[in-house]
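Visitor: Please take me on a close look at one part of this protein, the strands and the helix that goes with them. I'd like to know what pairs with what, and which side chains are worth a look on the way.

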Amino acid sequence: MENEPKKNELMRRFELQVDGQTAVLDYEERSGSVLAFTHTFVPTELRGRNVAAILTRYALEDARRQGKKVAPHCSYVAVFMDRNREYADLRADSPPLADPGK
């Protein structure tokens, strides 16, 4: 990769520029201590080059440096965290589901 990922706080996303294309991982601040990773997008031309993994690892390390937990609302991030147990400590507790009978 020619570039390193960057955090774009204004747009609330992490970005990785490769070959003139931009891959992104969007996030939202859910509370003072939880970041929700909501969407990952890798342009078609960059798929199969480990771009999403590089971007996700960078975003998780950024959360760790800030002392924040991560709510993986993006399916890619959820699977990545499941497969890379070194990030298990960053997973935010899920809120209980509402009881449909009430």
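Guide: A quick word on labels: helices (H or I, at least four residues) and strands (E, at least two) are DSSP runs, and they are numbered from the N terminus. Keep in mind, too, that you're looking at a predicted model.

Let's come in through the loop between strand E1 (6–8) and E2, which is where Arg 12 sits. Arg 12 isn't a glycine, yet its phi is positive, at about 55 degrees. With a relative accessible area of 51%, Arg 12 passes the 50% mark, so it counts as exposed.

From there, move on to the strands. E2 pairs with E3 in the antiparallel sense, over 6 bridges, and for a place to put your cursor, try Leu 16, which stands opposite Ala 23 in E3. The two strands form a hairpin with 2 residues between them, and Asp 19 in that turn has a positive phi of about 50 degrees.

E3 has another partner as well. Strand E3 (residues 21–31) and E4 also pair in the antiparallel sense, here over 7 bridges. Val 24 stands opposite Phe 41 in E4, while Leu 25 has Thr 40 as its bridge partner in E4. E3 and E4 form a hairpin too, with 2 residues between them.

Now for a change of direction: E4 pairs with strand E5 (residues 69–72) in the parallel sense, over 4 bridges. Ala 36 stands opposite Ala 71 in E5 there. Helix H1 comes into the picture here, since E4, H1 and E5 make a right-handed β-α-β unit.

Two loops belong to that stretch. The one between strand E4 (34–41) and helix H1 (51–66) holds Glu 45, and Asn 50 has its place in the loop between E4 and H1 as well. Glu 45 is exposed, at 54% relative accessible area. Its C-alpha atom is separated by 8.0 Å from that of Gln 21, although the two residues are 24 apart along the chain. Asn 50 has a positive phi, near 70 degrees, and is not a glycine. Asn 50 is exposed as well, with a relative accessible area of 51%.

The loop between H1 and E5 is where you'll find Lys 68. For this lysine the relative accessible area is 12%, below the 20% cut-off, so Lys 68 is classed as buried. What does its side chain do in there? It makes a polar contact with the side chain of Glu 29, at 3.2 Å. Setting aside neighbours within four places in sequence, the residues in contact with Lys 68 are Glu 29, Gly 32, Ser 33, Leu 35, Ala 63 and Leu 90.

Last stop, the aromatics. If you pair rings whose centres lie within 6.5 Å, the count comes to 5 aromatic pairs. Take Phe 14 and Tyr 58: their ring centres are 6.0 Å apart and their planes are at 75 degrees, so this pair is edge-to-face. The pair links distant parts of the chain, with Phe 14 in strand E2 (residues 13–18) and Tyr 58 in helix H1, 44 residues apart. How exposed is each partner? Phe 14 is buried, with a relative accessible area of 0%, whereas Tyr 58 is partly exposed, at 26%.

These two rings have company: Phe 14, Tyr 27, Phe 37 and Tyr 58 form one aromatic cluster. Tyr 58 also has a charge over its ring, as the charged end of Arg 65 sits 5.8 Å from the ring centre.

To tie the part together, start at E3: E2 pairs with it in the antiparallel sense, and so does E4. E4 then pairs with E5 in the parallel sense, and H1 joins E4 and E5 in the right-handed β-α-β unit. The Phe 14 and Tyr 58 pair links strand E2 with helix H1.

Terms used
Residues are numbered from 1 along each chain as its sequence is written. This is a predicted model: local features need pLDDT of at least 70, side-chain atom pairs count only at pLDDT 80 or more; totals for chains, interfaces and linings use all residues. Side-chain values use heavy atoms; hydrogens and water are left out. Buried means under 20% relative accessible area, exposed over 50%, partly exposed in between (1.4 Å probe, protein chains only). Rings of Phe, Tyr and Trp (its six-membered ring) pair if their centres lie within 6.5 Å; planes under 30 degrees apart count as stacked, over 60 as edge-to-face and the rest as tilted. A charge sits over a ring if NZ of Lys or CZ of Arg is within 6 Å of the ring centre and within 35 degrees of the ring normal. Two strands pair if DSSP finds at least two bridges between them. A crossover is right-handed if, with the strands pointing away from the viewer, the path from the first strand over the helix to the second runs clockwise. A polar contact is a pair of N or O atoms within 3.5 Å; within protein, one must be able to donate a hydrogen and the other to accept it, and residues adjacent in sequence count only if both atoms are side-chain atoms. Contact means heavy atoms within 4.5 Å.
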